[in-house]
Amino acid sequence: MPTETFEFQVEARQLLQLMIHSIYSNKDVFLRELVSNASDALDKLRLEALRDDTLDADVSDLHIELETDSDARTLTVRDNGIGMSYDEVSRLIGTIANSGTAAFLEELRQAEDAAGAEGLIGQFGVGFYSSFMVADEVVLVTRRAGEGQGTRWSSRGEGTYTLETVDDAPQGTAITLHLKPADPENQLHDYTSAWKLREIVKRYSDFITWPIRMVPQPPAAADDGDGEAGAAPEPETLNSMKALWARPRDEVKDEEYHELYKHISHDWTDPLETIRLQAEGTFEYQALLFVPSHAPHDLFTQGYKRGVQLYVKRVFIMDDCEALLPPYLRFVKGVVDAQDLSLNVSREILQQDRHIQLMHRRLAKKVLSSVKDMMTASPERYATLWREFGAVLKEGLVTDTENRDALLAVSSFATTHHDTEPTTLKQYVERMKDGQDDIYYMTGESRAGIENSPHMEAFRAKGIEVLLLTDPVDEVWTDAVGAYEGKRLRSVAKGEIDLDSDGGTTSEEDREKQGEEYAGLLGWMKERLGEEIKDVRLSSRLTVSPACLVSDTHDLTPALENLYRAMGQEVPRTLRILELNPDHSLVKSLNQAFRDGADRAALGESVELLHGLALLAEGGRPAEPARFVQLLSDRLERAL
């Protein structure tokens, strides 16, 4: 058959130009696409040979070859797979004659932004045309396995292509790229360079099932002394073909898993835990995940790269696929290899489809179940995990309501019950005193700071256990969760605490009597402190300190206010409640002086000092530090 020249369809020509100039952000991926297509062709041939015993095809050494010629500036990607017939070349490569091409391009023109355009492009898998990003001309020679005649296709990507039959084509497909001149400034590298091809194959195609061999360029003719040229060097296999996630667990050594983890995470230590997952059915994928043994220094920074590596049929797609794991599992590293996913044409941006969502849910549940198993099977390793990543996991208590119960089950907290050993909420509930209805906690910057807080005095005196929460996220998740197994989570620094109902001895009659006795002082102090406080009342949580500041039940705590401001969110200042200990000698003396009609100016200064001391006790600072210091100095001077 003579050579025939055809024009691309108008729509196909537009799509081709779009492919060449605007879709791929990294030109190196052209080789990934060609190798992926070659691997698919080898898979198809192996399957066809199993189905058809009469197929006249050589399957003894299935492989992919890369061959370069630096003088001619060509790169050939060759496979001995299933190949294509003349009609298949015309249909699949010559015209891009997919149904709906025109409608797709119309949608593309209407897309207002680049992100929308990339989503639409995802309807097509035409990675072959990425070759024109790096080549002025592409020549394809192919012969379908079992057929006697081959086909040659060529194009310069400018609107036309040629087709002809050839008689001497080997089985499979060979794609020869006549490369453009190297232009490093525009990320156009020298793709005849052996080291560059090694780098690309190692990054994108290292786990391809089939060997990828690079044929060395023939050396300059040289006489070896016998009048004959030296033997040509053997082809070099570039890929490892070791997809550890696809091999049975008993065939893989721990050292091999650790090496893979170090390779993908750039960590120098072994992982704390290795998690395998194989999903079968209508949608198949495999996952090999790793929990690091220590937290990276930038785990809480905005630019932290999270996500696992995504492969499709062992072909590398992206490095940090955020869509596969929730943000609170951002420390997990690993590989997910899916058999089929809806990817955009450059395989760089995932479409939001149900397969991705299913994988996201299943992987999160698998990690959490592995952490739960670790709690019982290896408490020491669990303690390491929680010490390094507990603050991150607790973010999920706020954001992931679906897995909240699972997260609560694997969470542990410092507690007044033990100096060093943390507790779970389940263990806390089992130890609760008779008549205790709430789970008590307090947040703060450090354990020591919380334990020495005035808010803890009555709880310590009555032997009631309190959770000691020191991570910034604790301020948020405690409000979001609200309760555990019907027991309310209550901050010892918010609202009114009535410990007498939990086994105390102070009667209702005694409290009413104290209220009447201090009513005048409380009202006057509220008026004297003005906009500094919300209210003044007697406390049931103090046993040693004269006063403390508490937040109202539904108000923001000072720490939470500061957290929001640090994130750039302006929140109104929340006024606190000043609580007085009616059994403290200082408060008694203050009340007696008020009732005796003492000098209100001097009494007012004492009230200011008392309020300032309460602020300092919780780690705050008076609104006017200089005035507070002056008042305190004057009092000390008079006392001496």
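**A guided look at one sheet, two helices and a cavity**

Guide: Welcome! In this predicted model, β21 and strand β23 (residues 576-580) run parallel and are joined by five bridges.

Visitor: Thanks! Which residue is the bridge partner of D535 in β23?

Guide: Start from the pair β21 and β23, which run parallel. Looking in β23 for the residue bridged to D535, you arrive at I577.

Visitor: Which strands are the edge strands of the open sheet of three strands?

Guide: The pairing in this open sheet is mixed, and the order of its strands is β21-β23-β22. An edge strand here pairs on one side only. That description fits β21 (533-538) and β22 (547-550).

Visitor: How many degrees does the twist average from one strand to the next?

Guide: Follow the sheet in its order, β21-β23-β22. Going from one strand to the next, the twist averages 25 degrees.

Visitor: Which helix lies across β21, β22 and β23?

Guide: Look for a helix running at about 65 degrees to β22. The helix that lies across these three strands is α19.

Visitor: Is α16 roughly parallel or roughly perpendicular to α19?

Guide: Helix α16 (residues 508-529) and helix α19 (residues 600-617) have axes that come within 10 Å and cross at roughly 80 degrees. Angles of 65 to 115 degrees count as roughly perpendicular. Therefore α16 is, relative to α19, roughly perpendicular.

Visitor: How many charged residues are there in the contact of α16 with α19?

Guide: From α16 come W524, M525, R528 and L529, and they meet residues of α19 including R600, E605 and E608. Sorted by class, the contact has six nonpolar residues and two polar ones, and its charged residues number four.

Visitor: How much space lies in the largest cavity?

Guide: The count of cavities of 30 Å³ or more comes to one. As for the space in the largest cavity, the value is about 60 Å³.

Visitor: Which element gives the most to the lining of the largest cavity?

Guide: Among the residues lining this cavity are Y441, T443, E475, T478 and D479. At least two lining residues each come from β17 (438-443) and α15 (474-481). With three residues, the element that gives the most is α15.

Visitor: How many nonpolar residues does the lining of the largest cavity have?

Guide: The lining also includes S491, K494, D555, T557 and L560. By class, four of the lining residues are polar and four are charged, while the nonpolar ones number two.

Definitions and conventions
Residues numbered from 1 in each chain as written. Predicted model: local features only at pLDDT ≥ 70, side-chain atom pairs only at ≥ 80, totals over all residues. Heavy atoms only, no water. Axes fitted to C-alpha atoms, helices over the stretch in contact; angles between N-to-C directions. Helix = DSSP H or I, 4+ residues; strand = E, 2+ residues; numbered from the N terminus. Parallel < 35°, antiparallel > 145°, perpendicular 65-115°, else oblique. Contact = heavy atoms within 4.5 Å. Nonpolar A, V, L, I, M, F, W, Y, C, P; charged D, E, K, R; others polar. Pairing = 2+ DSSP bridges. 1 Å grid on protein atoms, 1.4 Å probe; cavity = no way out; pocket = protein on both sides within 12 Å on 5 of 7 lines; lining within 4 Å. Points joined across faces, edges and corners; volume = space filled by probe spheres on them.
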